[in-house]
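The exercises below ask how strands and helices are arranged in the structure shown here. Please work through each task before reading its solution.

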Amino acid sequence: MQRDIVQRPGTSAASSPSAARTSLPGNLLAPAAARRFVAAALAEWSALGLPAAVGFSERLSDDAAVVVSELVTNAVVHAGTNVELLFRLEEATDDEASALVIEVSDHHPARAVRSDRPEGGGAGTGAPGEPAEYGRGLELVATLAERWGITYRTGLKTVWARLPVDDWNPFPDARPEAGFQHGLRAAELLAPTARRALRDDADWAGRGALSFLAEASDLLAGQLDEDIVAALAGQLLVPRLADWCAIWLEPETAGRAAVPRLAKVWHIDETRIPTLRAHLEGDPLRLPERVGTGPVSMPWPGSTEDGEAPPDGREGVALAYRITSGGRTLGAVLLGREGIARVPDEVTALVEDFVRRVGLAVGAARAYTRQATISRILQRGLLPSKVADIPGVASSLVYEPSDDGVVGGDFYDIFPCPNDRWCFVLGDVQGSGPEAAVVTGLARPWLRLLAREGFQAGEVLVRLNRLLLDDAMEAAEAAALMVAAAGGQHSADSGQSRFLSLLYGELVPLPGGGARCTLASAGHPLPLLLRPDGTVRPAAEPQLLLGVMDDAVYETQSFDLAPGDSLLCVTDGVTERRSGPLMFDDGDGLAQALSGCAGLSAEEIADRIKHAVHAFAERPPDDDLALLVLQAMERPGE
């Protein structure tokens, strides 16, 4: 078995005649998705009639599925990040035969690739000298592949394996029944001990139960989708504790007319899943409240009312458990064990503890979904349904709230005003959630009202600043009165400050094209002006945040936005986008990115800046991202 870290030889994916690439989520659904992806790629290459595809065989397809499954599982379990899968076909050269190359990359290169158990001891929770329960994946990869290795790049770790497309046999000593020997060897590597194959229930009474529950808690915690929770629960139960299982989930608006939804069916034999699902779909499982959370004996799926065995002749014990959270029923779990008359008490108690964790995970996922739904509705109400079109000025807006399920603090607006003026706003409220929503809900209509009353840009900010401070003072006084009425002691700094960074501008179209632009910035990232020759300069001066001092005065800057000029306005989600210790705007990074956009349309500039911000770091942005591009145009007929 190869253990050294080696640099992968061979051509890059770009130079391969055939390559398929995909990204997979960092959860237990990834290995099955990877197997399907590899099978689809092999079928496509065979249909194309590529020369190397002639050597595809059932054995090679099986080997590729096993290898990709083991590598993806290793990445998901030990790295915990999203997984990038590259599967390519290398045609034969003078030096090497045709080959399938599998590359699995994760974004946690600091974590070592897990192999077999350490010297002198078992892997995982095993005692010294005890056979390893896990960690055989790379041993299997090394057995099936001609060679394999690991490549480290900046922020990326790639484990690759090469499978020749020829008659190469990883089991040279096999007897004539090559297929049987191949399957037997793979089974020995994946299940090296009889203890695991026979599912020793007595082991669950001690260390095994604690390890299982700890693993289940880690995998289920933080899942924000109830269907993913159900899928993970099914794969944790089967085959360790059951031969098959089914999970029903109650609808959010539960009632007498509500019918539980069959969210997941899982079987140790994947070919029997459709039959099992067919037996269960017509009879939704809903346990009465009086049965509690313990196991309830249920009829075997497919058996008749008079107790006759199902058509396939297989039967055993079926148990059901209620899924609860906070005293509320969220669904039910049904599981079965074939060929036994009774499930040991240790196992039923362990499943009950496990289902309790499933209930907590489903409850947390539903709470997140409700919060995210409310936030999306509130966000839509706080932002304009449409922005105004400005004559002679093209505009492009990008708004991406952070994916944390709460209302963001960024907001925008473009609206017409009297005297042939158009106003635009880009703001960022301190914090997020309900507090930010309150400020946004006040600031945007106030801005429209002040602008339409004819106040100039500087005066608009002065008055908005006073309104924010007055409103914050009233809120603090109301809080003090409530605390005093309750007999508590009011703290002098208990009032919430409502800081707001804001870029406010006015555009007046000019007869020959373009517009006269007037700007005022209050603690906001400065807008940048891009000329057609690629030069970039700040278009405003930095000034104090709104909501800090009641006597603040705000100055304005005016200039002509000539045809071909572009004005870029952003929030700090762009300038402060982080990659380790660095920020996107360090060393005038935003200005440099904008200077390369000369000659592009407003929409193309916005799209390029957005992609540059996303590409700056591997992780998705963790703050709201808003940017507005205004580009002056020639007026038709002028």
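**Exercise 1.** Which residue in strand 5 stands opposite arginine 147?

*Solution.* This is a predicted model, in which local features need pLDDT of at least 70, side-chain atom pairs count only at pLDDT 80 or more, and totals for chains, interfaces and linings use all residues. Residues are numbered from 1 along each chain as its sequence is written, and side-chain values use heavy atoms, with hydrogens and water left out. Arginine 147 faces arginine 162 of strand 5. Strand 4 and strand 5 (residues 156–164) are joined in the antiparallel sense over 7 bridges, where pairing requires at least two bridges found by DSSP and strands are DSSP runs (E, at least two residues; helices are H or I, at least four), numbered from the N terminus.

**Exercise 2.** In what order do the strands of the open sheet containing strand 4 run, and which helix lies across strand 1?

*Solution.* The 5 strands follow the order 1-2-3-5-4 with antiparallel pairing. Strand 1 (18–24) and strand 4 (147–153) each have a single partner strand, so one side of each lacks a neighbour in the sheet. Helix 1 (residues 30–48) lies across strand 1, strand 2 (83–90) and strand 3 (99–106), running at about 160° to strand 1; axes are lines fitted to C-alpha atoms, for helices over the stretch in contact (heavy atoms within 4.5 Å), and angles run from 0 to 180 degrees between N-to-C directions.

**Exercise 3.** What is the bridge partner of leucine 530 in strand 19?

*Solution.* The partner is serine 566, and strand 16 (residues 528–530) pairs with strand 19 (residues 566–570) in the antiparallel sense over 3 bridges.
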